[in-house]
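Q: Please take a close look at one part of this model: the place where the two chains meet. Then follow the charged pairs from there into the rest of the structure.

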Amino acid sequence: MVLKKLCVALMATSMMAGGAAAATLDIAIDSSPAGLDPHLITAFNSVLIVQDNIYEGLTAIDQGLAVVPGLASSWDVSEDGMTYTFKLREGVTFHDGSAMDADDVAASIRRVQSEEMASPLASRISPVKEVTIIDPLTIRFTLDAPFAPILSSLAGIAIVPAEMETDKDALQQTPDGTGPFQFSEWQPNGFISLTKFDGYRDADLPKLDEVRFEFVPEAATRQVGLGSGDYGILPGIDPATALQLKAQPNVTVQETRDLSYTLVGMNASREPFTDPRVRRALNMLLNRQDIIDGALFGAGVPGGPLSPALTEWALDTSEFSCYSTDVEGAKALLAEAGITTPLKLTMNVLPRQDTRDIAQIVQQQLAAGGIEVELINQEIGQFVQDWRNSNFDLFVSANGGSTDPDLYFYRTFFGGGSTNVFKYDDAEVNTLLDEGRNETDQAARKAIYDQLQTKLACEGPIAHLAYGTLSTAVNNDVSGFEIYPSGRLRSLINVTIDE
Amino acid sequence: MTPRFLLSRLIDLAFVLFGVSIIVFLMIRMIPGDAVAIMLGANTEITPERIAELEARLGLNLPIYQQYANWIWGVLHGDFGTSIWTGRPVTSEIAANIWPTLELTFLSVLVGAGLSIPIGAFMASARGNIAEIAVRIGAIAGLTIPSFWLGIVAIFMVAKFAPGWSALGYVPFTEDPLGNLSRMVLPVIALSLPMLANLSRLVRSAMLDALGQDYIRTAKAKGATKRRIVYKHALRNALIPFITSVGVSAGYLLGGAIVIEQVFAIPGLGRLVLGAISERNYPLVQATILVLTGTFVIVNFLVDMLYAAIDPRVTR
């Protein structure tokens, strides 16, 4: 009896406590971030926390994936596409209270470009040759060649205080940006807390007092916690969880076409994938819709090298001749390439439920054409190591996408590109990639990327499978959240919690 | 207890910790995929310079024996290293995460050990009747049901039947006592149940053993009440193996806490070490395992001391 009374008292108290903490939003994510320096981080959870919340770039990407003003209120581009002059917003301050001006922008660009920092973002602004401060609120970038994706790239380059230019450690633990939320506390293994930045340039924003990113590795716990109101938002949930949460009355699942995609990677430096005919045959053996139905619960669409979310750029899959499943045609092509079946290969699998399921279906589909694949389910560390060392015949993985074709294509498909682990090197593709980044006329640029997509779809080292549905589950007490195809939490600035 | 006995146990303790430090150091490095690979991940723009810079900064470019020597030298001087991911001293990360684990373990021992005595005594004194059989079946179920399963079922039940109950995460007792307890109820039940079942059975068999002894017969002959015989005479003697068992179980609870913390999103040492292993956060894994092992060994050492104090024969 006493125990029962105690339980009732505890429940009542915790319910009352839940109602009082109205202006704190708890977001459950699966793991801790790997550092917080915006110029060094690569892990998605790090980016999710810092970009757009703590830091801002000169430009930003809106919900429709268009470039919009960020810390720069406007910009002019010279006719030859070689100089960009940015007008900075007035009255912007860093969280430490210092004013943000052109000095900070110049220092941030130098910081990303410096060899000592070894920033993974350096290649995004490699064509920026010179940065000139015109006045405290005007800055000019001079390029060494026209570089069409520069405005998209700059959205990902956070502006940090000038005195951080050579500091490699401080920002990893205590970030200092101009964004709507400022870093407050990092309890290792527990949470990261961001609080409202009172000096934000728009006095009415953000609407929340605090955002806490809770690290909750157990998927069932995240799911239950959302229903109980312990967590307000679960970003980037998998299709199976999305289906379950849709049935829950106090939860809304927001969905959008995902920029990220699942893929089969082929090692173009290893037999038999040195031959483009084999790469084409592999594509012909795949049935992408079956993969989506079987592994993604129907939540996705077949896609080529660019996400259908990039409506300005992506070609329809009907444009790709190898995308209609044709087992006999694939067999004939393999025979033409001198391949005797059964062909035995291995396929490394990224340790995620959806990629494991996809790998099994791909294995079955390839077997129909005489390609016998042994699946190697790997732990993440081993997977990354083999990926980095190009130690694979095939792999199944999931990649984040980019908002401009160049940002994805150049590093992935250019001979010697920074993520070209496939060791793919094609003279025609290299030329087109260079032309694509230097061309500033939109129609001409589109023609180049059309040509590239057509070639890469069937003969490139990646068989793009599906662009999933990006789902974020939101407790109904949370208002103002909007999902972005990039997966970023840019709309947190407008979020409120109902009393 | 002789000083020689005490000294020999202290030397054993030091050797165990030294051995563990070597095993942990080597094992975490034998797992494929190093810290740099995990930090940088797949599909990111990784330059060889960035990899080399990170390896040098983390000291991973040194030969393994030198890495161990540097680390153990630091440990002997109170420096357990720096977390690879946060750049903070691992001691501060352990300190920030140790309280939830200690509280969870302490409360579980309190519930598990505390309730096992009356339950075990009841089972012994009421042997064979229906209530005792029901409790015994319950004890077997408690031993066989995994804690994590019980935990997951519990949180789903809460979500279904008491959706307003904040059952996940951790709030320090000093900040919000009721909030703390409301979050601790389910994990403590899940964690303590196997211990309760085990110790109840132990108390029962020790009591049955004690109740068959000559001195109990003498007490009965002298007209002592049943209650006095059970609780005064038999229970007292049955507690000697019980104390040893509580010590060992407390150590194992630390292991169980790892899983329970994961299920209930409690930021304790268990979750810290699991996360650190998957992130290849070498200094954090090494230090946390050393602390967990040290706690286990020290608890057992204290139990040995207590046992030796109760029964001096063990020191001979």
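A: This is a predicted model. Chain B and chain A bury about 4700 Å² between them. Carbon and sulfur atoms make up 58% of that area. The contact involves 50 residues of chain B and 50 residues of chain A.

Now the charged pairs across the interface. The rule finds one salt bridge between chain B and chain A. Its partners are Glu379(A) and Arg280(B), with the closest N and O atoms 2.6 Å apart. Polar contacts between the two chains come to four residue pairs, both residues being at pLDDT 80 or more. On chain B, the side that touches chain A draws at least two residues from each of several helices. These are H2 (35-40), H3 (48-58), H5 (90-125), H7 (147-161), H8 (177-211), H10 (226-263) and H11 (269-278). By residue class, that side of chain B splits into 26 nonpolar, 12 polar and 12 charged.

Next, the wider picture. Over all chains, the search finds 28 salt bridges. One of them joins Asp52(A) and Arg488(A), at 4.0 Å from N to O. Asp52(A) sits in the loop between helix H2 (44-50) and strand E2 (59-61) of chain A, and Arg488(A) in the loop between strand E18 (478-479) and strand E19 (496-497), so the pair ties together parts 436 residues apart in sequence. Asp52(A) is buried, at 15% relative accessible area. Arg488(A) is partly exposed, at 23%.

A second pair is Arg277(A) with Glu336(A), where the closest N and O atoms are 3.5 Å apart. Arg277(A) belongs to helix H8 (residues 276-285) of chain A and Glu336(A) to helix H10 (residues 327-336), 59 residues apart. Arg277(A) counts as partly exposed at 31% relative accessibility. Glu336(A) counts as exposed at 52%.

A third pair is Glu428(A) with Lys455(A), again with a closest N to O distance of 3.5 Å. This pair links helix H14 (residues 427-438) of chain A, through Glu428(A), to helix H15 (residues 442-459), through Lys455(A). The two residues are 27 apart. Glu428(A) is partly exposed, with 41% relative accessibility. Lys455(A) is buried, with a relative accessible area of 17%. Both residues belong to a network of salt bridges that share partners. Its other members are Arg280(A), Asp426(A) and Glu459(A).

Key. Residues are numbered from 1 along each chain as its sequence is written. Chains are lettered from A and ligands numbered from 1 in the order in which they are written. This is a predicted model: local features need pLDDT of at least 70, side-chain atom pairs count only at pLDDT 80 or more; totals for chains, interfaces and linings use all residues. Side-chain values use heavy atoms; hydrogens and water are left out. Contact means heavy atoms within 4.5 Å. Buried area is the accessible area (1.4 Å probe) that two parts lose on being put together, summed over both. A salt bridge is a side-chain nitrogen of Lys or Arg within 4 Å of a carboxyl oxygen of Asp or Glu. A polar contact is a pair of N or O atoms within 3.5 Å; within protein, one must be able to donate a hydrogen and the other to accept it, and residues adjacent in sequence count only if both atoms are side-chain atoms. Helices (H or I, at least four residues) and strands (E, at least two) are DSSP runs, numbered from the N terminus. Ala, Val, Leu, Ile, Met, Phe, Trp, Tyr, Cys and Pro count as nonpolar, Asp, Glu, Lys and Arg as charged, and the others, Gly among them, as polar. Buried means under 20% relative accessible area, exposed over 50%, partly exposed in between (1.4 Å probe, protein chains only).
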